[in-house]
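Let's take a walk through this small model together, from the overall fold down to a few individual side chains. Have the 3D view open and turn it as we go.

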Amino acid sequence: MAKDPVCNMNVDETKATIKAEHEGETYYFCAQGCKNRFLANPDQYLKRNS
Ligand SMILES: [Zn+2]
């Protein structure tokens, strides 16, 4: 399972259609809105996990 970095929902990467690449990593999202929020400010969401 991948994790949606915006809302922390688990996303099945084998079925996910909404994804984005950022600095060589692929991220998966539950919804287009989450992807948009991530792309608008990726660092905000990535720092939360580290
Ligand atoms: Zn989400």
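Helices and strands here are DSSP runs, at least four residues for a helix and at least two for a strand, numbered from the N terminus. With that in hand, the order of elements in the protein chain, starting at the N terminus, reads β-β-β-β-α-α. That makes four strands and two helices. The radius of gyration is 10 Å, close to the 10 Å that the globule rule gives for 50 residues, so the chain is as compact as a globular protein of that length. If you prefer to think in boxes, the C-alpha atoms fill one of roughly 25 × 20 × 20 Å along the principal axes.

Keep in mind that this is a predicted model. The average pLDDT of the protein chain is 93, and 94% of the residues score at least 70. Among the elements, helix α1 (residues 32-40) has the highest mean, 98, while helix α2 (residues 42-47) has the lowest, at 91.

Now for the strands. Find β3 (residues 19-22) and follow it into β4: the two run antiparallel and are joined by four bridges. They make a hairpin with two residues between them, and one residue in the turn, E23, has a positive phi of about 50°. You can check the pairing by eye: H22 has E25 of β4 as its bridge partner, and E21 stands opposite T26.

Next, look inside. Of the 50 residues in the protein chain, 20% are buried. The largest nonpolar core has eight residues, namely V6, V11, Y27, Y28, F29, C34, F38 and Y45. Two elements, β4 (25-28) and α1, each give two or more residues to this core.

F29 is a good place to pause. This core member sits in the loop between β4 and α1. Is F29 buried or exposed? It's buried, because 25 other C-beta atoms lie within 10 Å, and the cut-off for buried is 20 or more. Skipping neighbours within four places in sequence, F29 is in contact with D4, V6, V11, I18, K19, C34, K35 and F38. For a sense of distance, the C-alpha atoms of F29 and P42 are 13 residues apart along the chain and separated by 13 Å.

From F29, hop over to C34, another core residue. Leaving out residues up to four places away in sequence, C34 touches D4, V6, C7 and F29.

That list brings us to C7, in the loop between β1 (2-3) and β2 (10-11). What does C7 touch, not counting residues up to four places away in sequence? The answer is two cysteines, C30 and C34. C7 counts as partly exposed because it has 15 C-beta neighbours inside 10 Å. For a view back to the hairpin, go from C7 to H22: they are 15 residues apart in sequence, and 17 Å separates their C-alpha atoms.

Finally, zoom back out to the contacts across the protein chain. Taking those between residues at least 6 apart in sequence, 28% join residues at least 24 apart.

Notes
Residues are numbered from 1 along each chain as its sequence is written. This is a predicted model: local features need pLDDT of at least 70, side-chain atom pairs count only at pLDDT 80 or more; totals for chains, interfaces and linings use all residues. pLDDT is the predictor's confidence in each residue, from 0 to 100. A nonpolar core is a set of buried Ala, Val, Leu, Ile, Met, Phe, Trp, Tyr and Cys residues joined through C-beta atoms within 7 Å. A residue is buried if 20 or more other C-beta atoms lie within 10 Å of its own, exposed if 12 or fewer, and partly exposed in between; C-beta atoms are placed from the backbone. Two residues are in contact if their C-beta atoms, placed from the backbone, lie within 7 Å. Two strands pair if DSSP finds at least two bridges between them. The radius of gyration is taken over C-alpha atoms; the globule rule is 2.2 Å times the number of residues to the power 0.38.
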